[in-house]
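Q: I am new to this structure and would like a close look at a single part of it. Please pick one part, go through it slowly, and then say how it sits within the rest of the chain.

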Amino acid sequence: MELARPENTISQQIRWLAHEPKREVLSYSGYGIGGYYYNTSDHDSRSTTQNNGVMVEAESLHMSIAKDKNPIYANMLYYGVIEDIWELNYTQLKIPIFRCKWVDNKGGVKVDENGFTLVDLNKEGDPNDQFIFVSQAKQVFYVNDPNGGRWSVVLTTKPKLYDRGDAYDNIEETPSFSRGLPESDDIDNEDVAYVREDCEGIYVEDDTTSRKKRKRT
């Protein structure tokens, strides 16, 4: 670590961080980084768009039971919404952070039979562990489960492309909504009948086979 080095080799970045940030903290309702644009949940509550959903991958300690003597560390995905966007000012450094309300992974996150990730946004996780660096966040969107209930479907996206200042969606790089659905080539269509049974139809006979070809003279 840099702090363990001789004094003359400690970087200026570490020196400024050691002075602690200023007491005045700038607050934003929106922040753009890496092709993504994020908003606070309060801002989105007055807008037709939704940019407050975030996901972060973090290493956490896993135990099978409370007295597990062999816990393991593994990466987990956490889902939440942005409550505040703050910028810490270290004079020469400005570090943006998100304060988020995270979904409790115990009972608040599940994967259905089709591979969709579902979250219960009303099931809040640890309120004492709210902050992440903006650079750690990955943008997600939450769509109400069409089956109803308290669950929302998690949708991911790719960063937007920019052309002369205008942003547009990177459609070719946008991942599919579900990794669990079968490919079209894997579906057996031999037994599929494309017939509507909720109304009467009109039968049209194909008479192309009864037509006789004209002989050239």
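A: Two strands are treated as a pair if DSSP finds at least two bridges between them, and strands themselves are DSSP runs of at least two residues, numbered from the N terminus. With that in mind, the part to look at begins with a hairpin and leads from there into a nonpolar core. The model is a predicted one, so a word about confidence belongs at the start. The mean pLDDT of the chain is 77, and 66% of the residues reach 70 or more. In residues 170-174 the pLDDT falls below 50, and this stretch has five contacts in the model beyond near neighbours in sequence. The pLDDT is also below 50 over residues 176-184, a stretch for which the model holds eleven contacts of that kind. Where pLDDT is low, the predicted coordinates should not be read in detail.

The hairpin is made by strands β2 and β3, with two residues between them. Strand β2 covers residues 30-33, and four bridges join it to β3, the two strands running antiparallel. Ile33 has Tyr36 in β3 as its bridge partner, and in the turn Gly34 has a positive phi of about 60 degrees. Further back in β2 sits Tyr31. Setting aside residues up to four places away in sequence, Tyr31 touches Tyr36, Tyr37 and Tyr38, and also Ile85, Pro96 and Val134. Its C-alpha atom is 10.0 Å from that of Asn51, a residue 20 places away in sequence.

From the hairpin, the tyrosines lead inward. Both Tyr36 and Tyr38 are buried, and their rings form a tilted aromatic pair, with 6.2 Å from centre to centre and 35 degrees between the planes. A pair of aromatic rings is described by the distance of the centres and the angle of the planes. Together with Phe98, these two tyrosines make up one aromatic cluster, and the count of aromatic pairs comes to four.

Tyr38 also belongs to the largest nonpolar core, a set of 13 residues in which Tyr38, Val54, Ile82, Phe98 and Cys100 touch the most other members. The elements that give two or more residues to this core are β3 (36-39), β4 (53-62), β5 (72-89) and β6 (94-102), and among them β6 gives the most, with three residues. Phe98 shows how many parts of the chain meet here: apart from neighbours within four places in sequence, Phe98 is in contact with Tyr38, Val54, Ile82, Asp84, Ile85, Gln130, Phe131, Ile132, Val134 and Ala137.

Cys100 lies in strand β6. Cys100 counts as buried because its relative accessible area is 1%, where buried means under 20%. Leaving aside neighbours within four places in sequence, Cys100 is in contact with Val54, Val81, Ile82, Glu83, Gln130 and Ile132. The C-alpha atoms of Cys100 and Asn52 are 9.3 Å apart, although 48 residues separate the two along the chain. Val81, one of the contacts of Cys100, is itself a member of a second, separate core of eight residues, which also includes Met55, Tyr142 and Val154.

The loop that leads into β6 offers a contrast in burial. Thr91 lies in the loop between β5 and β6, and at 41% relative accessibility Thr91 counts as partly exposed. Its phi is near 70 degrees, a positive value in a residue other than glycine. Before the hairpin in sequence, Glu20 lies in the loop between α1 (12-18) and β1 (26-28) and also has a positive phi, of about 70 degrees, although it is not a glycine. Glu20 counts as exposed because its relative accessible area is 59%, and exposed means over 50%.

Set against the whole chain, the part described here belongs to a fold with three helices and 13 strands. Buried residues make up 25% of the 217 residues, and among contacts between residues at least 6 apart in sequence, 50% join residues at least 24 apart. The chain exposes about 17,300 Å², of which carbon and sulfur atoms supply 48%.

Definitions and conventions: Residues are numbered from 1 along each chain as its sequence is written. This is a predicted model: local features need pLDDT of at least 70, side-chain atom pairs count only at pLDDT 80 or more; totals for chains, interfaces and linings use all residues. Side-chain values use heavy atoms; hydrogens and water are left out. pLDDT is the predictor's confidence in each residue, from 0 to 100. Contact means heavy atoms within 4.5 Å. Rings of Phe, Tyr and Trp (its six-membered ring) pair if their centres lie within 6.5 Å; planes under 30 degrees apart count as stacked, over 60 as edge-to-face and the rest as tilted. Buried means under 20% relative accessible area, exposed over 50%, partly exposed in between (1.4 Å probe, protein chains only). A nonpolar core is a set of buried Ala, Val, Leu, Ile, Met, Phe, Trp, Tyr and Cys residues joined through side-chain atoms within 4.5 Å. Accessible areas come from the Shrake-Rupley method with a 1.4 Å probe; for residues, only the protein chains shown count as cover.
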